[in-house]
Amino acid sequence: MAGIKIHGSTISTAAQRVFACLYEKDIDFELVPVDMRAGEHKSEAFIAKNPFGQVPAFEQGDLYLFESRAITQYIAEQYADKGTALTCPSKTEPMLLVWKEVEAHQFDPVASKLNWEIVIKPIFGMTTDPGPIEELETKLVKVLDVYEARLSKSKFLACDCFTLADMHHLPNINLLMGTQLKKHIDSRPHVSAWVANITARPAWVKVLALQNKQ
C-alpha cells in the first residue's frame, strides 16, 4: 500500500485530529507542511487536494481525502488490525455513532469558536472580540454538564474503551485547558478525569511534540 502524506499544519486542530489517529494506529506518514500564514492552503496546488482550501488533505497514492473526521474514519477502518481499535464492540457501536455526532455538532462549534477568539487570533496578530465569548462560554458549560452525566456512567464517551469519539475532542480540549475556561473542566470530576486520561495518551503526546518541532 502506498505511503501516507498529510498536507497540513501542526497548529491546525483538524490536522492534529488526523495526526493523533495515525499515531494511535502506529502508522508512518509524511507531513507536508502547509504555511497557513502565507495562505498556501488557498493556493491552486492545495485546492486541487482540498477544494475548500482547508487543512488537512490526505494523500495515499491516487487517493485524496479531506475533512478530518472522514480521514480518521477511513484510517480506523482501513487499518482496523493495527494499533488502537478506536471503535466499540458491536453492541455499543451505536453509541460511538452518537458521540461522534455530539462532538462534531455540539462540542466542536462552541469550543472551536472560543479557541479562535481566545487562542488563535492572538497567534495571528488579530484582535479578540469579547462580544461572543460570554454566550459561547454559557453554551460550553451546558455541553460539559451533559458530558459529566455521561462520563459518570462510562469511562469514555461511547463505551468503556477509547474511541474516535474521544480522540476527536483532543485538539480543542488541549487549547481550552490553556485558557481560563479550564475551570469548567476542572470543576466537573468525571470530565476532568476523562480529559486527564485522554490528554496523557502517548499518541497525543507525540502530536504535541510534532507541533513543537515546527
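**Entry 1. Terms and model**

Two strands count as paired if DSSP finds at least two bridges between them. Helices (H or I, at least four residues) and strands (E, at least two) are DSSP runs, numbered from the N terminus. I note that this is a predicted model, in which local features need pLDDT of at least 70 and side-chain atom pairs count only at pLDDT 80 or more, while totals for chains, interfaces and linings use all residues. Residues are numbered from 1 along each chain as its sequence is written, and side-chain values use heavy atoms, with hydrogens and water left out.

**Entry 2. The chain as a whole**

I first looked up the elements of the chain: there are 10 helices and four strands. Read from the N terminus, their order is β-α-β-α-β-β-α-α-α-α-α-α-α-α.

I then turned to dimensions. The C-alpha trace spans about 45 × 45 × 25 Å along its principal axes. The radius of gyration (taken over C-alpha atoms) is compared with a globule rule of 2.2 Å times the number of residues to the power 0.38. For 214 residues a compact globule would have a value near 17 Å, and the chain, at 17 Å, agrees with it.

Burial came next. A residue is buried under 20% relative accessible area, exposed over 50% and partly exposed in between (1.4 Å probe, protein chains only). Of the 214 residues, 47% count as buried. For contacts (heavy atoms within 4.5 Å), I recorded that residues 24 or more positions apart account for 68% of those with a separation of 6 or more.

**Entry 3. The sheet**

In which order do the four strands of the open sheet lie? I find β2-β1-β3-β4, with mixed pairing. The edge strands are β2 (30-33) and β4, each of which pairs on one side only. Angles run from 0 to 180 degrees between N-to-C directions, and axes are lines fitted to C-alpha atoms, for helices over the stretch in contact. With direction ignored, neighbouring strands of this sheet are turned by 20 degrees against each other on average.

I went through the pairs in turn. Strands β1 and β2 run parallel and are joined by four bridges. β1 (residues 4-8) and β3 run antiparallel, again with four bridges. β3 and β4 are likewise antiparallel, with four bridges.

His7 is a useful residue to follow across the sheet: its bridge partner in β2 is Val32, and in β3 it stands opposite Ala57. Further along β3, Gln60 has Leu63 of β4 as its bridge partner. The hairpin of β3 and β4 has two residues between the strands, and Gly61 in its turn has a positive phi of about 65 degrees.

Is β3 covered on one face or on both? Both faces are covered, since Ala57 and Glu59 on one side are buried, as are Phe58 and Gln60 on the other.

**Entry 4. Helices against the sheet and each other**

I looked up α3 next. This helix lies across β3 and β4, and runs at about 130 degrees to β4.

Two packed helices are described by the angle between their axes and the distance between the axes. For α1 (residues 13-24) and α3, the angle is about 10 degrees and the axes are 9 Å apart. Angles under 35 degrees count as roughly parallel, over 145 as roughly antiparallel, 65 to 115 as roughly perpendicular and the rest as oblique. The two helices are therefore roughly parallel.

From α1, Ala14, Arg17, Val18, Cys21 and Leu22 meet Ser68, Arg69, Ile71, Thr72 and Ile75 of α3. By class, this contact has six nonpolar, two polar and two charged residues. Here Ala, Val, Leu, Ile, Met, Phe, Trp, Tyr, Cys and Pro count as nonpolar, Asp, Glu, Lys and Arg as charged, and the others, Gly among them, as polar.

**Entry 5. Backbone exceptions**

Most residues other than glycine have a negative phi, and most peptide bonds are trans. I recorded the following exceptions.

Val55 and Pro56 are joined by a cis peptide bond, with omega about 5 degrees. Pro56 sits in the loop between α2 (44-47) and β3 (57-60).

Glu67, although not a glycine, has a positive phi of about 75 degrees. This residue is in the loop between β4 (63-66) and α3 (68-78) and is partly exposed, at 41% relative accessibility.

Leu86 also has a positive phi, near 65 degrees. Its place is in the loop between α3 and α4 (93-123). Is Leu86 buried or exposed? I find Leu86 buried, at 0% relative accessible area.

**Entry 6. A residue of α4**

Lastly I looked up His105, which lies in helix α4. His105 counts as exposed, at 52% relative accessibility. From His105 to Pro202 the separation is 97 residues in sequence and 27 Å in space, C-alpha to C-alpha.
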